[in-house]
Amino acid sequence: MRMRVRSRPVMRAALGLIAALAVCDRAMAAPTPRSGRYGSLTLVVKSDHVAGVFAEGRGGVDGTPSFSCIFLLRGTLSGSGAAVETWYPGEAERISGTLTFTADGAALNLLADHGGCTMTTGSMVGSPYTLEGEPPDAGEDVGRWQGVALVTARRAALRPEPGPTPRRGPYLVEADAVTILERRGDWVRAAYRGGKAPVIGWLRAADIAAVEP
C-alpha cells in the first residue's frame with residue numbers, strides 16, 4: 001500500500017494559511033486602544049499611555065440624597081490593556097487597577113471602590129465594570145484631544161478667548177468633566193459635552209485638575 005505525501009509547496013501554503021488565521025485571531029482578540037467615550041469614562045490614548053476621567057452622578061431629586069462616582073485615571077498600555085492608578089483631585093489616596101479595551105468598549109477593575117461609587121455605578125472591585133463605547137458627538141474631533149480634566153472651581157466661565165470673565169456666557173461647575181484641546185500658558189481650551197454638540201471655550205488652568213497621557 002502506497003502512502004501519499006503532500007508536496008512541500010502545498011505544505012508551506014497550508015502552514016502559511018494557519019499562521020495567517022492565527023494572526024487574524026489575535027487581532028480580533030486584542031482590540032486597538034482608542035480615544036473616546038466609554039459610557040461615563042472618557043479616555044485619551046497617545047502612544048503607549050492612556051488618561052481618563054470617570055464622572056457619573058445619581059439622585060439629588062425629590063429630596064433624595066445625591067451620589068457621585070468621580071475620579072481621574074492614568075496608565076501605561078500593554079496590548080489592549082493597561083495597569084492604571086485612579087484618584088480624586090486633591091486627595092493623596094491612589095487606587096490601582098486595570099483597564100481593558102474590549103470589542104464593545106472597555107472594562108475597569110479596581111482594587112477598591114472610590115467613595116460614592118457603590119451608590120452610583122455599583123462596585124468596580126472583583127469583576128470587570130463594563131463600559132460600552134460610544135460614537136463621537138456631531139462635530140467632535142476625538143483626534144484633537146490632548147487630555148481630560150475635572151473642574152475643581154465652584155464655577156468656571158468658558159471664555160471665547162483667554163482673558164477676563166465675560167458678563168454673560170456659558171460656565172461649568174465643580175466636578176464637570178471636560179476634554180482638553182489646547183494649552184496656552186495659564187489657559188486651557190476645553191470641550192464640555194453639552195447637548196447635540198460639545199460646548200468649547202477657554203478655562204483657567206487653575207480651575208481644573210487635568211491629566212494627560
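Biologist: What does buried stand for here, and where does R37 fall at 9% relative accessibility?
Modeller: Buried means under 20% relative accessible area, exposed over 50%, and partly exposed in between. The model is a predicted one. R37 has 9% relative accessibility, so R37 counts as buried.

Biologist: Which residue meets R37 in a salt bridge, and is that residue buried or exposed?
Modeller: The side chain of R37 pairs with that of D137, at 3.8 Å from N to O. R37 sits in strand β1 and D137 in the loop between β8 and β9, 100 residues apart. The relative accessible area of the partner is 15%, so the residue asked for, D137, is buried.

Biologist: Which residues form the network of salt bridges that holds R37 and D137?
Modeller: D137 also meets R193 in a salt bridge, at 3.1 Å from N to O. R193 belongs to the loop between β13 (187–192) and β14, 56 residues from D137. R193 has a relative accessible area of 31% and is therefore partly exposed. The linked set is R37, E134, D137, E140 and R193.

Biologist: How many salt bridges does the structure hold, and what is the N to O distance in the one between R204 and D207?
Modeller: The structure holds nine salt bridges. In the R204 and D207 pair, R204 is partly exposed at 39%, whereas D207 counts as buried at 6%. Their side chains meet with an N to O distance of 2.9 Å.

Biologist: Which strand supplies the largest share of the largest nonpolar core?
Modeller: That core has 22 residues, and L43, F54, F71, L99, L108 and M124 have the most contacts inside it. At least two residues each come from β2 (41–46), β3 (49–59), β4 (66–78), β5 (81–87), β6 (95–101), β7 and β8. The largest share is four residues, and the strand is β4.

Biologist: How many residues are in the other core, the one with W145?
Modeller: That core lies apart from the core of 22 residues. Its members include A51, W145, L150 and L181. The number of residues is 14.

Biologist: In which sense do β1 and β7 pair with β8?
Modeller: Strand β1 (residues 36–38) pairs with β8 (residues 129–134) over two bridges, with Y38 opposite G133. Strand β7 (residues 105–110) is joined to β8 by four bridges, and A106 has L131 as its bridge partner. In both pairings the sense is antiparallel.

Biologist: Which strands stand at the edges of the open sheet of five strands?
Modeller: The order is β14-β13-β12-β9-β15, with antiparallel pairing. β9 (residues 147–151) pairs with β15 over four bridges, among them the one between V151 and I208. An edge strand has a single partner, so one side of it has no neighbour in the sheet; the two are β14 (199–204) and β15 (208–211).

Biologist: What is the average twist from one strand to the next in that sheet?
Modeller: The twist refers to the open sheet with the order β14-β13-β12-β9-β15. From one strand to the next, it averages 40 degrees.

Biologist: Which residue offers its backbone oxygen to a polar atom of the T120 side chain?
Modeller: T120 lies in helix α2 (residues 117–120) and, at 0% relative accessibility, counts as buried. Beyond its neighbours within four places in sequence, T120 contacts E56, G57, R58, F67, S68 and C69. The backbone oxygen lies 2.7 Å from the side-chain atom and belongs to G116.

Key: Residues numbered from 1 in each chain as written. Predicted model: local features only at pLDDT ≥ 70, side-chain atom pairs only at ≥ 80, totals over all residues. Heavy atoms only, no water. Pairing = 2+ DSSP bridges. Core = buried A, V, L, I, M, F, W, Y, C linked by side-chain atoms within 4.5 Å. Buried < 20%, exposed > 50% of the residue type's maximum accessible area, 1.4 Å probe, protein only. Polar contact = N/O pair within 3.5 Å; in protein donor to acceptor, adjacent residues only side chain to side chain. Contact = heavy atoms within 4.5 Å. Axes fitted to C-alpha atoms, helices over the stretch in contact; angles between N-to-C directions. Salt bridge = Lys/Arg side-chain N within 4 Å of Asp/Glu carboxyl O.
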